[in-house]
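User: I'm new to reading protein models. Could you walk me through this one, a feature at a time?

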Amino acid sequence: MRAGLVGCGRTKSSQPGPANTLYTSSLFRKSYDYSQKNYDVTYILSAKHGLMESDKVIEPYDITPAAFLKKEATRWGAYVARQIRDKVGNDAYLYFLAGEHYYNPILPFLRNPYQILMKHLRTNQRQRWLNEQ
């Protein structure tokens, strides 16, 4: 199994809705669409909810992993890694379409093989890369 893990976006709808429609930024949309086309399953990484299925209905919120203290980031990363094991096991190949504040706390706890797409690219460079795919 190949699982795409898409980082949530800062720009959100003001109304509750499924996670895949709540986040409205261009980068999120392009990353989500890329994952849907290329992988068996797509999950969304949320600072508030951890690993989410795309259709989970949630309220808008204003939390980002970039604001986590080291201890909070470690706790969140361990939590998300457990969620990944519960959802896809340790053998699924993971593809991160997210910034370093999302994947860095998770990686020390992962047993899965993984790839970080667009690593070290800025937002506009990520969008350009996704447009070219």
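Analyst: Sure, and keep in mind that this is a predicted model. Let's start with one residue: F28 has a relative accessible area of 2%, so F28 is buried. The cut-off for that word is under 20%. F28 belongs to helix α2.

User: What is F28 in contact with, leaving aside its neighbours within four places in sequence?

Analyst: The contacts of F28 are V6, G7, C8, G9, A19, N20, Y23 and I44. Then there's L45, which lies 17 residues from F28 in sequence, with 11 Å between their C-alpha atoms.

User: How do I read the helix itself? Which residues of α2 are buried?

Analyst: Here's the general idea: an α-helix has 3.6 residues a turn, so residues three or four places apart point the same way. In α2, the buried ones are L27, F28, S31, Y32, Y34 and S35. They sit on the same side of α2, because the arc they cover around the axis is only 160°. Among the parts that cover these buried residues are β1, α1 (19-22), β3, β6 and α5 (123-132).

User: S31 is in that list. How buried is it, and what does S31 touch?

Analyst: S31 has 4% relative accessibility, so it counts as buried. Not counting residues up to four places away in sequence, S31 touches V6, L97, M118 and L130. You'll find S31 in α2, which covers residues 26-38.

User: Can I check the length of α2? What should its 13 residues span?

Analyst: At 1.5 Å a residue they should span 18 Å, and the end C-alpha atoms are 18 Å apart, so the two agree.

User: Now the sheet. What is the order of its strands?

Analyst: In general, strands of a sheet pair through backbone hydrogen bonds, either parallel or antiparallel. This one is an open sheet of five strands with mixed pairing, in the order β4-β3-β1-β6-β7. At the edges are β4 (50-53) and β7 (114-116), each pairing on one side only. From one strand to the next, the twist averages 25°.

User: Which pairs run parallel, and which antiparallel?

Analyst: Take β3 (residues 41-46) and β4: they pair in the antiparallel sense over four bridges. There, I44 stands opposite M52 in β4. Strand β1 pairs in the parallel sense with β3, over five bridges, and G7 stands opposite L45 in β3. Five bridges also join β1 to β6, and these two run parallel. In that pair, A3 stands opposite L94 in β6.

User: Is β1 enclosed or open to the outside?

Analyst: Five of the six residues of β1 are buried, so β1 is largely enclosed by the rest of the structure.

User: Where do helices pack on the sheet?

Analyst: Helix α2 packs on it, touching β1 (2-7), β3 and β6 (93-97), and the direction of α2 makes about 175° with that of β1. Helix α3 (residues 70-88) packs on the sheet too, touching β1, β3, β4 and β6; its direction makes about 35° with that of β4.

User: Last one: which residues touch the most other members of the largest nonpolar core?

Analyst: That core has 39 residues, and Y23, L45, I84, L94, F96 and I106 touch the most other members. Elements giving two or more residues to this core include β1, α1, α2 and α4 (100-106). Helix α3 gives the most, with five residues. As for L45, its contacts beyond four places in sequence include L5, V80, F96, Y102 and I106.

Technical notes: Residues numbered from 1 in each chain as written. Predicted model: local features only at pLDDT ≥ 70, side-chain atom pairs only at ≥ 80, totals over all residues. Heavy atoms only, no water. Buried < 20%, exposed > 50% of the residue type's maximum accessible area, 1.4 Å probe, protein only. Contact = heavy atoms within 4.5 Å. Pairing = 2+ DSSP bridges. Axes fitted to C-alpha atoms, helices over the stretch in contact; angles between N-to-C directions. Expected span 1.5 Å × (residues − 1). Arc of directions from axis to C-beta. Core = buried A, V, L, I, M, F, W, Y, C linked by side-chain atoms within 4.5 Å.
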